[in-house]
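User: I should like to learn how to read the features of a structural model. Please take me through one, step by step.

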Amino acid sequence: MIDLRSDTVTRPSPAMLTAMTRAETGDDVWGDDPTVLRLQSRLAEEAGKEAGLFFPSGTQSNLAALMAHCGRGDEYLVGQAAHTYKFEGGGAAVLGSIQPQPLENAEDGTIPLERVAAAIKPLDDHFARTRLLALENTIGGKVLPPAYVAEATGFAHDRGLSTHLDGARAFNAAVASNQPLAALTEGFDTVSICFSKGLGAPVGSVLVGSTALIEVAHRWRKVLGGGMRQSGVLAAACLYALDHNVARLADDHANAARLADGLARIDEVRVVSQATNMVFAQFPPQECAGLQAWLTERGILTQLLSASRFVTHLDVSADDVDTFVAAVRAYFTR
């Protein structure tokens, strides 16, 4: 199978599975799992933060961060296209009693600061209290411009707001921009970093930030059901990913560019954008069902819509990309 639906579909390699079986474990709820402690400490150091906290998922990591920053009746400012707003089940509102204030993202994934300024509520009992600005990097595969990140986080802090980064693909951003992770996380009070996407681990995210904020998030992790026991087995996969799967993200980016170039040569397909490991393309709506079936018959998994996203990852090779493009071309020339 060639699976282009998402970089979450990666499977642990034999070497990663070996690392998991050899993991030294303890009880992480008691705080004594040595492999978890090593992962938390290492990622916090790489991100330039004081402390880290291991979570089973990025959704839970983001939610615990929002709850650490915001109380009941507070609000956070967030992009309409952001995962924390659009794709996490409304958890901030449902479980955190936190009001999201969604703002329209610009084409490059940023939230124009004039929109942020206009959305900050005055101190008045009629309004939710604006507490937090949440950004995402990468967003739609796009790397946020560093100058914008510095300006946005500085602006938020000047206005008394905290800052959170959904860095589910922060390592993709770091590799694409040839910057260390700490350069991308500077200015954010908390950052959630995922290992179960392009880094290839089967599960896991780490929230990093100040010791005080991580202590608050630790309590919310327990409340949200994220306290795990011998989770060093999972943390070992994340440590393996840090050692072996970061630099190779450049291969995914190159394969995505290859995929976009191939699709752009097919008259019936319009490539909308390509950035890091994501390609967005448009297909004739009347052809989507037929093309989807055609690809599935040939062992290619996609989520084909008139506007579709294709994601490259460590289980997709350059040859796989060429096979996919050839199958699309064959469908339209059959």
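Analyst: We begin with a term that the loops below require: helices and strands are DSSP runs numbered from the N terminus, a helix having at least four residues (H or I) and a strand at least two (E). Please also keep in mind that this model is predicted.

User: With those elements in hand, where is Ser97 placed?

Analyst: Ser97 belongs to the loop that lies between α5 (91-96) and β4. Its phi is near 55°, a positive value for a residue that is not glycine.

User: Is Ser97 buried, partly exposed or exposed?

Analyst: The general idea is a pair of cut-offs: under 20% relative accessible area is buried, over 50% is exposed, and the range in between is partly exposed. Ser97 has a relative accessible area of 28%, so it is partly exposed.

User: Which other loop residue has a positive phi although it is not a glycine?

Analyst: Thr276 has a positive phi of about 45°. This residue is situated in the loop between β9 (270-275) and β10 (278-282). With a relative accessible area of 7%, Thr276 is buried.

User: Where does the backbone contain a cis peptide bond?

Analyst: The bond leading from Asn137 to Thr138 is cis, and its omega is near 0°. Thr138 sits in the loop between β5 and α7 (146-158).

User: How should I read the sheet, and what is the order of its strands?

Analyst: One follows the strands across the sheet from neighbour to neighbour. Here seven strands form an open sheet with mixed pairing, in the order β2-β8-β7-β6-β5-β3-β4. At its edges are β2 (51-55) and β4 (99-103), each of which pairs on one side only. On average, neighbouring strands of the sheet are turned by 20° against each other, direction ignored.

User: How many bridges join β2 to β8?

Analyst: There are five bridges between β2 and β8, and the two strands run antiparallel. In this pairing, Phe55 stands opposite Ser205 of β8. Helix α3 (residues 58-69) packs on the sheet, where it touches β2, β3 (74-79), β5 (129-136), β6 (162-167), β7 and β8. The direction of helix α3 makes about 180° with that of β6.

User: Which feature does UniProt place at Lys197?

Analyst: The unreviewed UniProt entry gives "modified residue: N6-(pyridoxal phosphate)lysine" at Lys197. In the model, Lys197 is part of the loop between β7 (190-194) and β8 (205-209). Lys197 counts as buried because its relative accessibility is 15%. Apart from neighbours within four places in sequence, Lys197 is in contact with Asp7, Thr8, Thr10, Ala168 and Arg169.

User: Which residues does the UniProt domain annotation cover?

Analyst: In the unreviewed entry, "domain: Aromatic amino acid beta-eliminating lyase/threonine aldolase" covers residues 3-282. That span is 42% helix and 19% strand, and its end C-alpha atoms lie 18 Å apart.

User: How is the protein divided into domains, and how much area is buried between them?

Analyst: The general idea is that the size of an interface is often given as the accessible area lost when the parts come together. The division in this protein gives domain 1 (14-244) and domain 2 (248-333). Their centres, taken over C-alpha atoms, are separated by 30 Å. Domain 1 contributes 14 residues to the contact and domain 2 contributes twelve residues. About 990 Å² is buried between domain 1 and domain 2, with 65% of that area coming from carbon and sulfur atoms.

Notes:
Residues are numbered from 1 along each chain as its sequence is written. This is a predicted model: local features need pLDDT of at least 70, side-chain atom pairs count only at pLDDT 80 or more; totals for chains, interfaces and linings use all residues. Side-chain values use heavy atoms; hydrogens and water are left out. UniProt positions are given in the numbering used here, feature names are shortened, and annotations may be inferred rather than shown by experiment. Buried means under 20% relative accessible area, exposed over 50%, partly exposed in between (1.4 Å probe, protein chains only). Contact means heavy atoms within 4.5 Å. Two strands pair if DSSP finds at least two bridges between them. Axes are lines fitted to C-alpha atoms, for helices over the stretch in contact, and angles run from 0 to 180 degrees between N-to-C directions. Domain bounds come from an automatic or database domain assignment. Buried area is the accessible area (1.4 Å probe) that two parts lose on being put together, summed over both.
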